[in-house]
Amino acid sequence: MNYLITGAGRGIGLELTLFALENGHSVITLVREPNNARSLAQAKKEYGDKLSVFKCDIADPESLAQAHSQAHELLGDFTLDVLINNAGVLLDDEERFDQLPLEKVINSLHVNAVGPVSVTQAFLPNLNKSASAKLVNITSQMGSIADNASGGYYGYRMSKAALNMFAKSFAVDHPKIITLLIHPGWVRTDMGGAQAPLLPRESARGVFKVISEATKNETGRFFDYKGKELPW
Ligand SMILES: NC(=O)c1ccc[n+]([C@@H]2O[C@H](COP(=O)([O-])OP(=O)(O)OC[C@H]3O[C@@H](n4cnc5c(N)ncnc54)[C@H](OP(=O)(O)O)[C@@H]3O)[C@@H](O)[C@H]2O)c1
């Protein structure tokens with residue numbers, strides 16, 4: 001199968017990419033700075049044409065358009081079976097509300113919510129070519145309104161709640177595409193921090209199981225990496 005994964009240079013995106021390659025899939029990656037993505041460069045040596053790396057800032061329409069056209073130049077009118085919107089930022093973890101810079105809220109919304117919408121828009125024709133297309137959005141439990149008992153994280157929580165709503169509407173409008181929202185767990189990455197209990201590999205394994213077992217029954221729903229359904 002053909003995968004496209006955003007934010008694949010490090011963290012969960014890198015692990016999802018390696019997991020897909022190890023399982024025999026082809027992966028197109030969108031990476032903000034390929035020169036910094038040393039693990040991907042290493043994987044490229046091992047997997048050759050099965051892995052393509054395109055420079056792309058998902059929050060910059062010009063950069064996305066360029067990556068889109070480079071991918072089509074290299075791979076032709078390719079079929080995409082699974083698109084994983086993984087790239088994300090956590091910008092306002094330490095902020096008190098009265099000191100919260102609004103740019104952080106705007107940038108969170110831009111990368112975490114608008115970014116996945118624009119990547120999905122760009123590659124929808126490729127997804128539509130697959131008989132079993134899946135759109136996977138790596139969201140967060142912190143985007144759950146029902147689960148929010150601790151407050152804070154305004155931009156991050158708002159952006160993931162917005163991402164959830166995007167995916168729900170997309171699922172309703174595109175019944176042939178299985179659309180999922182997956183919380184990857186609290187994962188030991190640059191974003192999750194050193195205290196996080198879950199290794200990226202364990203998270204990626206769980207996320208992959210949820211993706212591969214998902215049927216039309218699961219479309220438009222919100223799960224964690226263990227397949228447990230989460231409240232909106
Ligand atoms: N870690 C956790 O505990 C946790 C929990 C819940 C949800 N999540 C979600 O899981 C996803 C991956 O998180 P992570 O823990 O792997 O984070 P991470 O280690 O901070 O990595 C984030 C990735 O997103 C990329 N990215 C950020 N902004 C981008 C942009 N504008 N364009 C393209 N790529 C961009 C980064 O690229 P650069 O290297 O260029 O910065 C990096 O590859 C995120 O959506 C996050 O919200 C994580």
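This briefing looks at the surroundings of a ligand and at two residues, glutamate 15 and glycine 227. The model is predicted, so that local features need pLDDT of at least 70 and side-chain atom pairs count only at pLDDT 80 or more, while totals for chains, interfaces and linings use all residues. Residues are numbered from 1 along each chain as its sequence is written, and side-chain values use heavy atoms, with hydrogens and water left out.

**The ligand**

- Among the 27 residues around the ligand (each with a heavy atom within 4 Å of it), those that come nearest are Arg10, Arg32, Asn86, Tyr156 and Thr189.
- Helices α1 and α5 (154-173), which are DSSP runs of H or I with at least four residues, numbered from the N terminus, each supply at least two residues of the shell around the ligand.
- A backbone N or O atom of isoleucine 12 lies 2.8 Å from an oxygen atom of the ligand, and an N or O atom in the side chain of lysine 160 is 2.9 Å from a ligand oxygen atom.
- A polar backbone atom of valine 187 is 2.8 Å from an oxygen atom of the ligand.

**Glutamate 15**

- Glutamate 15, which lies in helix α1 (residues 11-22), has a relative accessible area of 15% and is therefore buried (under 20%, with a 1.4 Å probe and protein chains only).
- Beyond its neighbours within four places in sequence, glutamate 15 is in contact (heavy atoms within 4.5 Å) with Pro200, Arg201 and Ala204.

**Glycine 227**

- Glycine 227 and leucine 163 are 64 residues apart in sequence, and their C-alpha atoms are 19 Å apart in space.

Notes. Buried means under 20% relative accessible area, exposed over 50%, partly exposed in between (1.4 Å probe, protein chains only). A polar contact is a pair of N or O atoms within 3.5 Å; within protein, one must be able to donate a hydrogen and the other to accept it, and residues adjacent in sequence count only if both atoms are side-chain atoms.
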